[in-house]
Number of protein chains: 2
Amino acid sequence: MGLQNTLRALADPIRREILSLLKAGPMSAGDICSHFTVTAAAVSRHLSVLREADLIRDHREGKFIYYELNTSVLEEIMLWITELKGDKDDA
Amino acid sequence: MGLQNTLRALADPIRREILSLLKAGPMSAGDICSHFTVTAAAVSRHLSVLREADLIRDHREGKFIYYELNTSVLEEIMLWITELKGDKDDA
DNA sequence: TTAACAATTAACTTAATTGTTAATTGTACT
DNA sequence: AGTACAATTAACAATTAAGTTAATTGTTAA
């Protein structure tokens with residue numbers, strides 16, 4: 001379910017924007033929300049989709065839940081695309 | 001609309017399988033259909049999504065419409081992922 | 001022109017996704 | 001305990017997506 005989950009998670013502009021935000025470093029759910037016009041509940045569900053895809057990790061610190069980027073699962077996409085593009089290694 | 005269209009198109013297992021089939025070379029719609037259990041109409045719609053994303057190109061030869069892979073739009077995804085992974089060029 | 005075939009488009013159904021508001025969970029503080 | 005705050009989950013409405021069958025568009029050949 002890895003590649004499917006990852007690509008599905010990336011196929012939404014808000015979720016991609018969340019990932020871009022997290023590029024700068026870990027951020028609380030509230031801080032992430034403040035960058036969007038949709039409600040906190042909507043953002044929270046986007047976060048859970050990203051978490052299911054293992055594109056982000058979370059940990060609680062007191063009242064806050066911090067999210068951080070996990071780019072390791074993106075390797076699988078890179079690999080898939082590279083293979084599709086023709087295995088130029090064989091050339 | 002480029003990246004969004006591309007990722008949305010890739011976020012479906014049948015569409016990814018179609019692209020993988022086309023890796024071997026151009027193929028008619030009928031040949032593509034024969035690899036799947038869904039109806040020809042369903043495959044045709046998948047093909048149109050892939051075409052809108054410019055992941056495939058088509059041309060008619062007599063009764064047949066041949067599809068072939070276009071991997072150039074995948075560069076955009078590679079770039080986006082690379083940027084997300086941290087712009088290691090700056091290191 | 002008519003028949004036959006390849007493929008797409010149309011109309012419709014069902015399932016999944018996205019968003020909202022309201023209720024719930026978890027933590028800190030007095 | 002009780003209040004306040006951060007964040008998630010639940011329940012529902014609306015949109016989008018994917019599948020089916022039936023009808024339509026192109027093309028070839030009799």
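Biologist: What makes you say that helix H4 of chain B lies across strands, and which ones?

Modeller: This is a predicted model. In it, helix H4 (residues 40-52) of chain B lies across E2 and E3 of chain B. H4 runs at about 120° to E2(B).

Biologist: Which helix of chain B lies across E1, E2 and E3?

Modeller: That is helix H2 (residues 13-22) of chain B. H2 runs at about 90° to E3(B).

Biologist: What makes E2 and E3 of chain B a pair?

Modeller: Pairing needs at least two bridges. E2(B) and strand E3 (residues 64-69) of chain B have six bridges, in the antiparallel sense. One of the partners in E3(B) is B:Phe64, which bridges to B:Glu61.

Biologist: In what order do the three strands of chain B stand?

Modeller: The order is E1-E3-E2, in an open sheet with antiparallel pairing.

Biologist: Why are E1 and E2 called edge strands?

Modeller: Strand E1 (27-28) and strand E2 (56-61) of chain B each pair on one side only.

Biologist: How do you know how the two copies are related?

Modeller: A turn of 180° and a shift of 0.0 Å along the axis lay chain B on chain A, with an RMSD of 0.0 Å. The copies are therefore related as by a two-fold rotation axis. The same surface serves both: 100% of the contact residues of chain B recur in chain A.

Biologist: Which residues of helix H2 of chain A are called buried?

Modeller: Buried means under 20% relative accessible area. In H2 (residues 13-22) of chain A, A:Arg15, A:Arg16, A:Ile18, A:Leu19, A:Leu21 and A:Leu22 are buried.

Biologist: What makes A:Asp12 and A:Ile14 a polar contact?

Modeller: The cut-off is 3.5 Å. At the start of H2(A), a side-chain oxygen of A:Asp12 comes to within 2.9 Å of the backbone nitrogen of A:Ile14.

How values were computed. Residues numbered from 1 in each chain as written. Chains lettered and ligands numbered in written order. Predicted model: local features only at pLDDT ≥ 70, side-chain atom pairs only at ≥ 80, totals over all residues. Heavy atoms only, no water. Helix = DSSP H or I, 4+ residues; strand = E, 2+ residues; numbered from the N terminus. Contact = heavy atoms within 4.5 Å. Axes fitted to C-alpha atoms, helices over the stretch in contact; angles between N-to-C directions. Least-squares fit on C-alpha atoms with pLDDT ≥ 70 in both. Buried < 20%, exposed > 50% of the residue type's maximum accessible area, 1.4 Å probe, protein only. Polar contact = N/O pair within 3.5 Å; in protein donor to acceptor, adjacent residues only side chain to side chain.
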